[in-house]
Amino acid sequence: MTTAAMSHRTRTDRRVPRPVAVSSWAVPVMVVGQFALIAVVPVVIALVGALRQVGDRAVRGAAVLLAVTYAIPLVVWVTRPDGAQSLSKDMHPAFTGLITAASAALVATILRARRRSLPAR
């Protein structure tokens, strides 16, 4: 009788899921393309996916940074009584740059995490 060895993956060796990676690219495209309010969907996907399924602390930190930089103009837009009709029109260009930079940081940490998880040659 033969037995197969089961390999259990721990939290530290989990790879970055594809939806997290795709969402990290989609956020700056949507914000720069004037679809800032709809960008909440990839921000939430990136944040929840990174916090629940990624063991790398840098990826999780970059996802939190992206969510915070996106949440600030969203909260300002929602709470202002005289805000513009859309988040894209109400958002300061500096926040667009910050969101893009935070997304670039998330993409960079995802690529670094993927390189570290590849087997050595």
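Three salt bridges turn up in this structure, which is a predicted model. Here they are, with the N-to-O distance for each pair.

| Acidic residue | Basic residue | Closest N and O atoms |
|---|---|---|
| Asp56 | Arg112 | 2.9 Å |
| Asp82 | Arg80 | 3.5 Å |
| Asp90 | Arg80 | 3.2 Å |

Let's take Asp56 and Arg112 to begin with. Their salt bridge has its closest N and O atoms 2.9 Å apart, and the pair ties together distant parts of the chain, 56 residues apart. Asp56 sits in the loop between helix H2 (40–53) and helix H3 (57–79), while Arg112 belongs to helix H5 (residues 93–117). As for solvent, Asp56 has 17% relative accessibility, so it counts as buried. Arg112 comes in at 26%, so that residue counts as partly exposed.

Now for Arg80, which has two partners. One of them is Asp90, with a 3.2 Å N-to-O contact between the side chains. This pair also links distant parts of the chain: Asp90 lies in helix H4 (residues 87–90) and Arg80 in the loop between H3 and H4, ten residues apart. Put together, the salt bridges with shared partners join Arg80, Asp82 and Asp90 into one network.

How accessible are the members of that network? Asp82 is exposed, with a relative accessible area of 57%. Arg80 has 35% and is partly exposed. Asp90 is buried, at 17%, because the cut-off for buried is under 20% relative accessible area.

How values were computed
Residues numbered from 1 in each chain as written. Predicted model: local features only at pLDDT ≥ 70, side-chain atom pairs only at ≥ 80, totals over all residues. Heavy atoms only, no water. Salt bridge = Lys/Arg side-chain N within 4 Å of Asp/Glu carboxyl O. Helix = DSSP H or I, 4+ residues; strand = E, 2+ residues; numbered from the N terminus. Buried < 20%, exposed > 50% of the residue type's maximum accessible area, 1.4 Å probe, protein only.
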